[in-house]
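The following questions and answers concern a ligand site and one strand. Please consult the sequence and the structure as you read.

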Amino acid sequence: MDLSYSDEDEEFRARLREWLGEVLPGLPPKPSADDWPARRAYDLGWQRLLYDAGYAGLHWPVEVGGRGATPTRHLIFLEETEKAGAPYVGANFVGLLHAGPTIAAEGSAGQRARWLPPVLRGEEVWCQGFSEPDAGSDLASLRTRARRDGDDYVVSGSKIWTSHAEVADWCELLVRTDAKAPRHRGITWLAMPMDAPGITVRPLRTLAGSAEFAEVFLDEVRVPVANRVGEENDGWRVTMVTLSFERGTAFVGEVVACRRVLGELAREARKNGRWDDVPLRRRLGRLNAEFRALWRLTQWNVSESERVGGVPGMGGSVFKLRYSQARQELYDTAAEVLGPEGLDLGREWTVDRLSSLSYTIAAGTSQIQRNIVAERILGLPKGR
Amino acid sequence: MDFQLTDDQRALRAGVRELLVRRFGRERLRAAVDPPEGEGSGGRVAVGGLDRALWRELGEAGFFALRLPEERGGVGLGLPEAVLAFEEAGRALLPGPLVATHLAAGEVPGAATGECVVAAVDGTLVEWLDEADAVRGDVTGAVALRSVDPLTPLHRVPRPAPPDPVASLLTAAEQLGSAARTCALAVQHARTREQFGQPIGAFQAVKHLCSEMLVRVEVARAAVYAAAVTGDPLDIAAARLLADDAAERGARDCLQVHGGMGFTWESDVHLHLKRAWSRARRGEGAAAAEEALAQDLLASAARAGT
Ligand SMILES: Cc1cc2nc3c(=O)[nH]c(=O)nc-3n(C[C@H](O)[C@H](O)[C@H](O)COP(=O)(O)OP(=O)(O)OC[C@H]3O[C@@H](n4cnc5c(N)ncnc54)[C@H](O)[C@@H]3O)c2cc1C
């Protein structure tokens, strides 16, 4: 067991810090949460800066435009960018953190060449069309259907809770290609261009008031067969790859962010007198233990994936269960520290408290994660 | 960075586990807590003595001298290895003043080899005082308690010893082992016990208890191992909070999964719970750890210069 970083890794960290120190002050101000086109431009601009400086797709394979760096180095990247207060992946979330890695793992050479470089260069945004009004936790019951017509699939149905759909260029889309096959067998994974005729996007307001996600209606949308990743009717297996990326690595940077917020909370409490409240202070101490441990678990999981190589394992579900809960406790504690101001939507922490509520739902609810841990790690029998 | 067990560490852990299965398996554990035929009921059974032969065997295997330099007759390993060994001790519910004797190796003659049993004041308690050949800390005015844990005789002392982070870390490792064990016991029971025509582990209410147990174990494990690598007192404080929680709540949930059987003396679950409670009392306690970690938040904010 070793938690020290090699000299090369430390040099990398130092160079990255220096670069961040140079570029961050020159960034334009963050756009407002509701201005999606501005947010898209901002997030892509940041990605382009990373690309030009050689920091895009650090842990992606070299053949697809990545840097082929170790997961450890990627971890350093996430740690340092977050510590420096660099922009969050934002609209690039799906492309960088799960659609991209899925295509790198499962796509053909041509597909990798077509889709991956634009993600890294900050030119294209992806969204995720998995959930449907009647298929959330029970994803395999999805009904959006696709029939073959020459070189195209013709897709009809609807998707829901699609984050960033309004500004996305591509959608990782799950469709049913064989209605007669057993549920898990008739599903196919497609890359759908969001400007194809027949797509209607209707923004939905979240409980935080912003238009974070949308409903997507698909009416006879033509998607080339060439856009299929994996075989026809083998989409469930590809989906499992996507979900393991989503749960395995997508929250790493956020743990660092939470640790920073926790420090800020303590200082705020000190300033406004809440620090003298012993139970509250002890709660902050316990949260410190919690996030230290989550950071260690991250290092553990990253080291494991570095040893094993490839797709992150079940550890992602263990991590997500605990992290989603800890994040909610963090912002509940923030509200305690703020007192009456914890009800003020002008405070960033109040807005963050609202969005923290999504963490036990999105990317698979906590109940579903517990089923996964129990059945796939602990080997308990499947329920009827 | 390679935060995984090395091959040597895996081998060490397997070796300790094997030794404990052989020398302190389930039968020995039960023999230590069950009254001989016809003598009183379980709860009132007197605590058995310490198994000196086992103690010496642990000494021979290097359990106590693990961190002592080779030139002083030790094994010359570090805290991570000690933590792995103590995790196994926790899993096996191995009784005795293990932490105190381990910490005395090299200082109290015979401790390293298991010739000498050393007790110590840890927090406001001393474990195994009457059985010890040597005692560290001030035990004047020690009062015997009727210990809740049948395998840990306890005395209470008026003057607590100053906290020792290494003792706290080794305690965390034992708690981790116990938590991992109760999780495994619960899962095993949930797979085999049938109700309503199926294994109870197929019911989500049971399943979710088990998966939460595993999550607590894995988070505590990452914290305990990391603290062993860094040796940092705050890492240790954090690890201890999480490991105490994993052990105590794990044993409770394990008892719940076992139903009525869990509430019987025959089941081992209560032994884990009682030991977890008594270990949790070692050192300064949760409040002090939380306070230290809270102060650290202010200090780290100052370090970051924001
Ligand atoms: C902020 C946010 C962003 C999202 N972004 C996207 C996106 O970009 N793309 C996308 O495809 N989806 C997205 N989702 C959808 C998300 O994946 C689903 O909301 C989630 O999988 C739950 O499905 P559901 O909403 O249909 O709830 P349901 O499946 O109806 O669940 C309702 C409740 O029942 C429980 N439940 C359901 N089944 C079981 C079971 N078997 N055992 C125990 N409990 C059960 C659930 O845990 C939950 O508590 C997003 C969601 C949120 C909140």
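Q: Which residue of chain A has an N or O atom in the side chain 2.9 Å from a nitrogen atom of the ligand?
A: In this predicted model, two contacts at 2.9 Å involve a nitrogen atom of the ligand. One of them reaches a polar backbone atom of Trp161(A). The other ends on a side-chain N or O atom, and that side chain belongs to Ser163(A).

Q: How much of the accessible area of the ligand does the protein cover?
A: The ligand lies between chains A and B. On its own, the ligand has 970 Å² of accessible area, of which the protein covers 65%.

Q: How many charged residues does the shell around the ligand have?
A: Around the ligand there are 18 residues, with Gln128(A) and Gln204(B) among those that come nearest. By class, seven residues of the shell are nonpolar and 11 are polar. The number of charged residues is therefore none, as the shell has no charged residues.

Q: Why is strand E1 of chain B largely enclosed by the rest of the structure?
A: Strand E1(B) covers residues 118-122. Buried here stands for under 20% relative accessible area. Strand E1(B) is largely enclosed because, of its five residues, the number buried is four.

Q: Which residue of E3(B) is the bridge partner of Ala119(B)?
A: E1(B) and strand E3 of chain B (residues 134-136) run parallel and are joined by three bridges. By contrast, E1(B) and strand E2 of chain B run antiparallel, with two bridges. In E3(B), Ala119(B) is partnered by Val135(B).

Conventions: Residues numbered from 1 in each chain as written. Chains lettered and ligands numbered in written order. Predicted model: local features only at pLDDT ≥ 70, side-chain atom pairs only at ≥ 80, totals over all residues. Heavy atoms only, no water. Near = heavy atom within 4 Å. Polar contact = N/O pair within 3.5 Å; in protein donor to acceptor, adjacent residues only side chain to side chain. Areas by Shrake-Rupley, 256 points an atom, 1.4 Å probe, with all protein chains shown as cover. Nonpolar A, V, L, I, M, F, W, Y, C, P; charged D, E, K, R; others polar. Buried < 20%, exposed > 50% of the residue type's maximum accessible area, 1.4 Å probe, protein only. Pairing = 2+ DSSP bridges.
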